[in-house]
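Please open the structure in your viewer and keep the selection panel at hand. The stops below say what to select next and what is there.

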Amino acid sequence: MECCVRCGGENPSAARFCMTCGFALAADGRPAPPSRTTLRFVTVLFGDIAGSTELAGRLSPEVWGNVLAAYFAAVSSAAAEHGGRVEKFIGDAVVAVFGAEAAHEDDALRAVDCARTSLERIARQAAELGRTRGVDFSVRFGIASGQAALSGRDSSFAIGEVMNRAARLQAAAPSGGVLIDVRTWLLVRGGVRTVPVEPVVAKGFSRPLRAWRVCDASEGAAEADPAWLPLVDRQPLLDAAADFLRSGLEAPGVPVLVLAGEAGAGKSRFVAELTRRVSDHAQSLILRCRHDGQRLGYWPLYHMAEELAAHCGPSRRMPPVPAGRGPQSKEEIFWTLRTLLKDVTARRPLVLVLDDCQWLPPTVQEFVETLGDVDVPAAIVLCGRVETLALTRRAVTVLRVPPLDLADTRDLAAGVIGRLGLTAGDKLEDLARRSAGNPLYLEQLSHLLLDTESGTDLLPPTAEAAVGARLDRLGDDAQRLLAAANALGGRCAPHDLEMIAEALDPPLDQPFDEVLGQLLEHRLLVLRIGAVEELEVDSPVVADVAYGRLPLADQAAVHARIADLVESRLDRRPSLVELAALHAERAHAAWSELRPEGREERDAAVRMARALCAVAEFAVSRGDLPLALNQTTRAGGLKLNLPGLELEIAAIETYVTAASGRSGETLARIEQARHRWETAANVAAAAHLALNEAVARSMVTGERPEPLLQRARELAGQAGDPAAYARVLLLEGLRHMESGDYVTAEAVLRDALKHGRRARWCFGATEIYGNLGLCLAYGDTPAPEALAICVELRADLNDAHTIRAALGCPAALLMDMTSNAAGSASLLEEAASILSGVGHQPAVAGLDMFRATLRERHGDTDGTARALEEAIRRFDVIGFTPLAKAARLWRSTLGDGTAGHPAASGGWDVEVLAEQAAAAAELHAGRPRKATGHLLRAEARLDRVRGAGARIPPLLVSLRLAARCGDAGLVERIARQAREAAQVKCDARVAQTLDELL
């Protein structure tokens, strides 16, 4: 009976088609060779005659031909008897491949047995030649295991480095002997007696090949590998880990426990038992790191936030899970995660497990390092192969998880066999021994036992060999679909998997639903039903092997389709942009290896460059300028010679350098771009370049280059690019604000926001939101209406906490205007909590200035002074000298006027404050008439300010100082102006304050 390679069904040797699925079989009844190139884990046997050149010279051609024919027949028949297939004859060499048509878990042992059988038969031929011809005749073999590309040809059907490795080992083998490589040794060491030999220095290999000589039967039986011997019992390890977690949850900070061990050592099962053991004390959440996680930036943080938010339950206090729409920085995401941790642990302590932490993304690692001084009842467990993991800023406790001892392996084997519904019989002891104390291998062997009830002996394979045999019993379609699921990250919606499967070429032979059913039946995929249905890979190792068998063209097609699928969803979830770039990069890598400089590789490079630009724009929207520059540098390194795309790269790069204050570098890069590329190639990018140049030149000269802004406006309109047009309007709005025209600025910024909302990424979105909030508070829009708009803007930014907090300041001012002092205070406290949590010190200092404004509005001089003193202290610490100067000017108006007569350099507000501070100094010196002169100059400057909300705070300061001057006319005039402004703004609170003061 032979197995079909598609469905695993057994067929009699006379069958030409599988009786289960109808798949064509080879003429001899064996499974037909693949019709297209496939990748498979195989064992290769390479045999050659020792001293063949000398022998050919001593024997006649006819005799030599008969010798070769007998030798070829001996090896060919032995290969067929052991399930191998002759791949080719090269002169006097013969190559056979085991596992080419259908993988067996003992393919390596079959190859060794084939070599032994061949040597026995050749020995009889050699004895006859020695007796009759007087010549020495011997053959030597080299055996290697590894991945090969297999085609449907009758000969020379295998290609790969493994073929060369077998040939090099053959050349180094002794006459009549067999050398095997390390992979083969790992597969046969429990059944074949071997001895290590000196590493083989082989042509074409950078390092000597580790090798073992296969011993004769007379040299003794096979020895058990030392890795199978008992090492450590689990019970003491569980006790130590549980004690650490219980004590750590009660101590300050978030402790970190590292569970380290080899692949398959049982770490995941250990974690499951550990979390059960501490379940009376804490809840648990287990998250698995993606195998490509170290190449992702922000996405793992968003995923962790989603899982934590879901774990909070319906009572969570956080807004909806961050989708990545708002301009959110890394610090804000960290703040979100810390807040979610507080919410989760408010009910019960939490043990957060990050499994497979050898793939821990750098951003998640950085977040873990920030939890050292966070006071929440939580503990982190990092589980995986963590030899390279280094938490530089955290003290960690490391526990090693060794292989199971034999007694524990027997118990686990019984549990696994029982779960699969098998009868252990006499296989239990053998299974436990052959697993080498590795629970992962034990699980794989158990599944193989499930598939081989016919009594096939199980040998101790490595993961790849065991999984390969299991996959072959599924058939080609199921393997390819499982590989596609692995490419999707191991977790996906059924509809998405079906869409990705359509990229396979050739397509699946069977309907998608049938193939999916096979994977579900064999529990290689599991259907998780929650808020949405999702398929999840049950065994990442199996899925990795399936993916490794996928040809490069299929890999490229799958990743390109995934990139397109993810890109289509960016409008709803922009944070997916990094995943799109990752898959675009993988598609390009596959084509680069398969067809470098071909059309497919070039198309993939363009896709990758565009994806990297999108990631750079996303990073800019998060305030991560170094990441943005890194992405554009990588995109530029592809050397596409596409002016439009290169212009886009230059636009992002120069935005970053300008935003980083590197004006000279920005201008030089723009000049280079202007000379190399035509504007028509990418009009939108040209508009951004003009804007970047305008910003850089204004930083150098201190003046706004109006011609550049006009050119940018024309280009943005021509391109129809909402993001570029929004930036043009932002710069115009800022210009109006600097001149004190908040009414016009508000209208312009509202228009900018409208255009910015239409763009996926909008450079300057943070500035648009923040400055529009200020204009709403400082302009003429009545407070109730302006407050409603501010509330709407804040709702837009649920996951952009810093901007949301910044908007909370003008919203608090507007709320105070509507006489809601409690609501105003609450907004400021929320903003303070966010800004302190994120660590945004300039914004925290600015918050103190808003507190001072509110206290001034209430006539609370002492409260105003305290808020200003705190702002001054914070500005001094962070080196914000101009803002510290403004705060000191205001503070001096409250006391002895020690600021003297400072120069009025700065915006209109600083000019007004300088005159008011000078008035306070004159009053302190007993010169009220001179003080009045300064107040009149402040009044004249304030008259040019358009915006009732902006005029009210300085009018209150002037009113307070005018009262000290004793000039009733001046007091009445300033009071009238303040009342008029309050009436325009519908500011009930100031109207009340004026009544109290007057």
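Select R973 to begin: in this predicted model, its relative accessibility is 27%, so R973 counts as partly exposed. Add E939, the salt-bridge partner of R973, and look for the closest N and O atoms, which are 2.8 Å apart. E939 lies in helix α37 (residues 928–943) and R973 in helix α39 (residues 968–985), so this pair ties together parts that are 34 residues apart in sequence. Is E939 buried or exposed? With 11% relative accessibility, E939 counts as buried, the cut-off for that class being under 20% relative accessible area.

Next, select R857 and D816. These two residues form a salt bridge whose closest N and O atoms are 2.8 Å apart. Which parts does this pair tie together? R857 belongs to helix α33 (residues 841–857) and D816 to helix α31 (residues 801–817), so the link joins parts 41 residues apart in sequence. Colour by accessibility here: R857 counts as buried at 1% relative accessibility, and D816 is buried with a relative accessible area of 2%.

Stay on helix α33 and select R851, then add E829. Their salt bridge has its closest N and O atoms 3.6 Å apart. Because E829 sits in helix α32 (residues 821–838) and R851 in helix α33, the pair ties together parts that are 22 residues apart in sequence. R851 is partly exposed, with a relative accessible area of 26%.

Now extend the selection to D848, E870, R873 and R874. Together with E829 and R851, these residues are linked in a network of salt bridges. Side chains of opposite charge can pair when their charged atoms come close. How many salt bridges does a search of the whole structure find? The search finds 50.

Move to the strands. Select β16, β18 and β17, which form an open three-stranded sheet in the order β16-β18-β17, with antiparallel pairing. β16 (491–492) and β17 stand at the edges with a single partner strand each, so one side of each has no neighbour in the sheet. Helix α17 (residues 512–521) packs on the sheet and touches both β17 and β18. The direction of α17 makes about 90° with that of β17.

Show the backbone of β17 and β18 (residues 533–537): their antiparallel pairing runs over five bridges. Pick V526 to see one of the bridge partnerships, for its partner in β18 is E536.

Then select L527, which is placed in strand β17 (residues 525–529). At 36% relative accessibility, L527 counts as partly exposed. Add L520 and I529 and switch to a surface view. What do these residues make with L527? The three make a nonpolar surface patch of about 270 Å².

Finally, clear the selection and show the protein as a whole. Its secondary structure comes to 40 helices and 18 strands. Of its 998 residues, 56% are buried. Among contacts with a separation of 6 or more, 70% are between residues 24 or more positions apart. The accessible surface comes to about 41100 Å², with 52% of that belonging to carbon and sulfur atoms.

Conventions
Residues are numbered from 1 along each chain as its sequence is written. This is a predicted model: local features need pLDDT of at least 70, side-chain atom pairs count only at pLDDT 80 or more; totals for chains, interfaces and linings use all residues. Side-chain values use heavy atoms; hydrogens and water are left out. Patches are made of residues with over 30% relative accessible area and no salt bridge: like charges are joined within 9 Å, nonpolar side chains (Val, Leu, Ile, Met, Phe, Trp, Tyr) within 5 Å. Accessible areas come from the Shrake-Rupley method with a 1.4 Å probe; for residues, only the protein chains shown count as cover. A salt bridge is a side-chain nitrogen of Lys or Arg within 4 Å of a carboxyl oxygen of Asp or Glu. Helices (H or I, at least four residues) and strands (E, at least two) are DSSP runs, numbered from the N terminus. Buried means under 20% relative accessible area, exposed over 50%, partly exposed in between (1.4 Å probe, protein chains only). Contact means heavy atoms within 4.5 Å. Two strands pair if DSSP finds at least two bridges between them. Axes are lines fitted to C-alpha atoms, for helices over the stretch in contact, and angles run from 0 to 180 degrees between N-to-C directions.
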